[in-house]
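Here is a friendly walk through one protein model, for anyone meeting it for the first time. Take a look at the picture, then read on.

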Amino acid sequence: ATPSTTTTTTTNAAAFALLASSLPAHAFTESTAREAVSNLAETNGTLESVRLVIALSSIALILFQGPKGDGVVNTLSEKRVFSSAKNAKSAVDYVTYALIGGFIVLSAVLAVG
């Protein structure tokens, strides 16, 4: 067996054992385990996609911010989206921190799962 086949088999066996221990004996079958592992793989793929979008959004937002109030904050202030430049900067900072926090949380969830 190749190393990747051995790893996949070991991972599937571990997932199967984990599911077996968490379900009542009468509710557990091999097909249930295969379905659960398949659902987990789909969920991880979706979370990876969300994490990628968050990462790219964070990078773009940080790059568009200027060190002296220019960039996206200046644009929002000029278009009167916010009542003042201070409010615009506060909103942009909040969104930036929220995106970075979301990225860190998703990374932790994906590392554990």
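## A greasy patch on the outside

Let's start on the surface. Leu52, Leu56, Ile59 and Leu63 come together there as a nonpolar patch, and their accessible area adds up to about 430 Å². Keep in mind that this is a predicted model.

Leu56 is one of the residues in that patch, and its place is in helix α2. Is Leu56 buried or exposed? With a relative accessibility of 52%, Leu56 counts as exposed, because the cut-off for that label is over 50%.

## The overall layout

Now step back and take in the whole protein. How many helices and strands are there? The count is four helices and zero strands, so reading from the N terminus you meet α-α-α-α.

The protein has 113 residues, and 13% of them are buried. Its exposed surface comes to about 8100 Å², with 67% of that supplied by carbon and sulfur atoms. As for how the chain meets itself, take the contacts between residues at least 6 apart in sequence: 51% of these join residues at least 24 apart.

## The nonpolar core

Next, the inside. The largest nonpolar core has seven residues: Ile54, Leu61, Val73, Ala88, Val92, Leu99 and Leu106. Two elements give two or more residues each to this core, namely α2 (30-64) and α4 (85-112). Which of the elements has the largest share? That is α4, with four residues.

Ile54 is a handy core member to follow. Setting aside residues up to four places away in sequence, Ile54 touches Leu99, Gly102, Phe103 and Leu106. Two of those partners, Leu99 and Leu106, belong to the core as well.

## Helix α4 up close

Helix α4 deserves its own look. It has 28 residues, and from its first C-alpha to its last it reaches 41 Å, which is close to the 40 Å expected at 1.5 Å a residue. Its buried residues are Ala88, Val92, Thr96, Leu99, Leu106 and Leu110.

Ala98 also lies in α4, but it is not on that buried list. At 45% relative accessibility, Ala98 counts as partly exposed, because that value falls between the 20% and 50% cut-offs.

## Where α2 meets α4

Ser58 lies in helix α2. Ser58 has a relative accessible area of 7%, so it is buried, the cut-off being under 20%. Not counting residues up to four places away in sequence, Ser58 touches Leu99 and Ile100. How far apart are Ser58 and Ala98 in space? They are 40 residues apart in sequence, yet C-alpha to C-alpha the gap is 9.2 Å.

Arg51 has its place in helix α2 too. Leaving aside its neighbours within four places in sequence, Arg51 is in contact with Phe103, Leu106, Ser107 and Leu110. Arg51 and Leu110 are 59 residues apart along the chain, while their C-alpha atoms are 9.5 Å apart. Phe103 and Leu106 are also touched by Ile54.

## Two salt bridges

Side chains of opposite charge can pair when their charged atoms come close. The structure holds two salt bridges. In one, the side chains of Arg51 and Glu48 meet at 3.1 Å, N to O. Arg51 and Glu48 are three residues apart in helix α2, so about one helical turn separates them. Both partners count as partly exposed: Arg51 has 22% relative accessibility, and Glu48 has 37%.

The other salt bridge joins Asp93 and Lys89, whose closest N and O atoms are 3.1 Å apart. Where do Asp93 and Lys89 lie? Both are in helix α4, four residues apart, or about one turn of the helix. Lys89, with 44% relative accessibility, counts as partly exposed.

## Putting it together

To recap, this is a protein of four helices, and α2 and α4 each give two or more residues to the largest nonpolar core. Outside, there is the nonpolar patch of Leu52, Leu56, Ile59 and Leu63. The salt bridges are Arg51 with Glu48 and Asp93 with Lys89.

Terms used. Residues numbered from 1 in each chain as written. Predicted model: local features only at pLDDT ≥ 70, side-chain atom pairs only at ≥ 80, totals over all residues. Heavy atoms only, no water. Core = buried A, V, L, I, M, F, W, Y, C linked by side-chain atoms within 4.5 Å. Buried < 20%, exposed > 50% of the residue type's maximum accessible area, 1.4 Å probe, protein only. Contact = heavy atoms within 4.5 Å. Expected span 1.5 Å × (residues − 1). Areas by Shrake-Rupley, 256 points an atom, 1.4 Å probe, with all protein chains shown as cover. Patch = residues over 30% accessible without salt bridge, like charges linked within 9 Å, V, L, I, M, F, W, Y side chains within 5 Å. Salt bridge = Lys/Arg side-chain N within 4 Å of Asp/Glu carboxyl O.
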